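Please work through the exercises below with the structure in view, trying each task before reading its solution.

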Amino acid sequence: MRPGFGGSAIPVGIDVQVESIDSISEVNMDFTMTLYLRHYWKDERLSFPSRNNQSRTFDSRLVKKIWVPDVFFVHSKRSFIHDTTMENIMLRVYPDGNILYSVRVTVTALCSMDFSSFPLDTQNCSLELESYAYNENDLMLYWKNGNDSLRTDEIVLSQFFIEHFHASSGLAFYSSTGWYNRLFINFILRRHIFFFMLQTYFPTMLMVVLSWVSFWIDRRAVPARVSLGITTVLTMSTIITGVSSSMPQVSYVKAVDIYLWTSFLFVFLSVIEYAAVNYCTTLEEMRKMKRGKIPSTYNASQAMAFDGCFHDNDIELTPFPRMAPTLTSDPLTSPPQSPDIRPIEGTRLRRQRSLRENVDLLVSNSYMIDSYSRLAFPLSYLLFNIIYWSLYS
């Protein structure tokens, strides 16, 4: 039985030294920690006389014969006490009955992670300790030295930087058994972004920029522009699949999803842009064929089979007719102007084009789509990056 059975609750002090954080899994949403868990309490039944007031130390064989606190880890998935070469348990008894009970344990516990800002996220995890059988009326858990009860070695993680370790305490209520003292080991993890910059962000940026190269390729070079567009689309799909396979299947959108799918949209729109350019070019050539500006013996598809390119200078275009004089038809019959009289400058009224006229102008000058895209796509992607990194950095 516990010391002081039938009386007030026995106080049990706790201090923890974290040896290492072995792993952090985003897929399983858990972490693995190795620590030294030390218990302090007083049991006068184990007091003994001593002339020099020296304590006595025992191993795990005595632990099975006396009462020890039944502390367990809340939300623990797996845990074990190290047993190489013997069980890593130490029991130290002082002459006045004070006891130090220390174990070296590795525990895998749940950490509820929020990936809405992944990989620019910060996670707050905690390891919780509690007595399993004794509620607050029988056993009182507390941090022995307050905030100094939690000590850590120098811990270096591959993907995270530990911002802060701190201890806290509280109460947990169970409807059938009552209130229990609960201790918390809290630590804040901030993810290193450099790994994801190399593996995800930089390749994505390069694929988007590579898709813009098609805007500088001749619009009749169909094999070159189509193959470039399909290659960038497939590469973006591979990057998205690789990132998704290493993440848990959450029901909300992550920050990396926003960046990848927006970049994928830019790549996809570059392919759609060439489809529009090719369609307008085809309509332009059909109109010129009807007007007789292209020789009927000219085979555009046969010419493209050789060099993959068909230029406008291969077509003889009739020049625009010159505009007639606005004031008089014959400048020789007009009366001479006196040197002190200045000519009257007229203003030309320009009618605003309708939507259909603008579309016809764009169809007849399909090269303008590429010209506008060379400026619109980079500026839009730059604006997206500024907004994205401002929100999540």
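## Exercise 1: Pairs of opposite charge

Asp30 and Lys77 form a salt bridge in which the closest N and O atoms are 3.2 Å apart. The model is a predicted one, and the tasks that follow begin with this pair.

Task: find which strands the pair of Asp30 and Lys77 links, and decide whether Asp30 is buried or exposed.

Solution. Asp30 belongs to strand S2 (residues 30–42) and Lys77 to strand S5 (residues 76–81), so that the pair, 47 residues apart, links distant parts of the chain. For the second step the cut-off is needed: buried means under 20% relative accessible area, and exposed means over 50%. Asp30 has a relative accessibility of 6% and therefore counts as buried, whereas Lys77, at 39%, counts as partly exposed.

Task: repeat these steps for the salt bridge between Arg182 and Glu128.

Solution. The closest N and O atoms of Arg182 and Glu128 are 3.1 Å apart. This pair too links distant parts of the chain, with Arg182 in strand S12 (residues 178–191) and Glu128 in strand S8 (residues 122–131), 54 residues apart. Arg182 is buried because its relative accessible area is 12%, and Glu128 counts as buried at 10% relative accessibility.

Task: repeat them once more for Arg104 and Glu19, and then state how many salt bridges the count gives.

Solution. In the salt bridge of Arg104 with Glu19, the closest N and O atoms are 3.0 Å apart. Arg104 is in strand S7 (residues 98–110) and Glu19 in strand S1 (residues 10–25), and the two residues, 85 apart, link distant parts of the chain. Arg104 counts as partly exposed at 21% relative accessibility, and Glu19 counts as partly exposed at 26%. The count comes to 14 salt bridges, and a network of salt bridges links Glu26, Asp121 and Arg191.

## Exercise 2: Two packed helices

Task: describe how helix H2 and helix H7 pack, and decide whether they are roughly parallel or roughly antiparallel.

Solution. Helix H2 covers residues 194–211 and helix H7 covers residues 367–392, and they pack at an angle of about 155 degrees with their axes 12 Å apart. Angles over 145 degrees count as roughly antiparallel, and H2 and H7 are therefore roughly antiparallel to each other. Their crossing is right-handed. Within helix H2 lies Val209, which counts as partly exposed at 42% relative accessibility.

## Exercise 3: Backbone features in loops

Task: locate the cis peptide bonds from Thr84 to Thr85 and between Phe118 and Pro119.

Solution. The bond from Thr84 to Thr85 is cis with omega near -5 degrees, and Thr85 has its place in the loop between S5 and strand S6 (89–93). In the cis bond that joins Phe118 and Pro119, omega is about 0 degrees, and Pro119 is found in the loop between S7 and S8.

Task: state where Met29 and His75 lie, and what phi each has.

Solution. Met29, in the loop between S1 and S2, has a positive phi near 55 degrees although Met29 is a residue other than glycine. His75, which lies in the loop between strand S4 (71–74) and S5, is not a glycine either, and its phi is positive at about 60 degrees. Met29 counts as partly exposed at 21% relative accessibility, and His75 is partly exposed with a relative accessible area of 46%.

Technical notes. Residues are numbered from 1 along each chain as its sequence is written. This is a predicted model: local features need pLDDT of at least 70, side-chain atom pairs count only at pLDDT 80 or more; totals for chains, interfaces and linings use all residues. Side-chain values use heavy atoms; hydrogens and water are left out. Axes are lines fitted to C-alpha atoms, for helices over the stretch in contact, and angles run from 0 to 180 degrees between N-to-C directions. Helices (H or I, at least four residues) and strands (E, at least two) are DSSP runs, numbered from the N terminus. Angles under 35 degrees count as roughly parallel, over 145 as roughly antiparallel, 65 to 115 as roughly perpendicular and the rest as oblique. A crossing is left-handed if the near helix is turned anticlockwise from the far one by less than a right angle, and right-handed if clockwise. Buried means under 20% relative accessible area, exposed over 50%, partly exposed in between (1.4 Å probe, protein chains only). A salt bridge is a side-chain nitrogen of Lys or Arg within 4 Å of a carboxyl oxygen of Asp or Glu.
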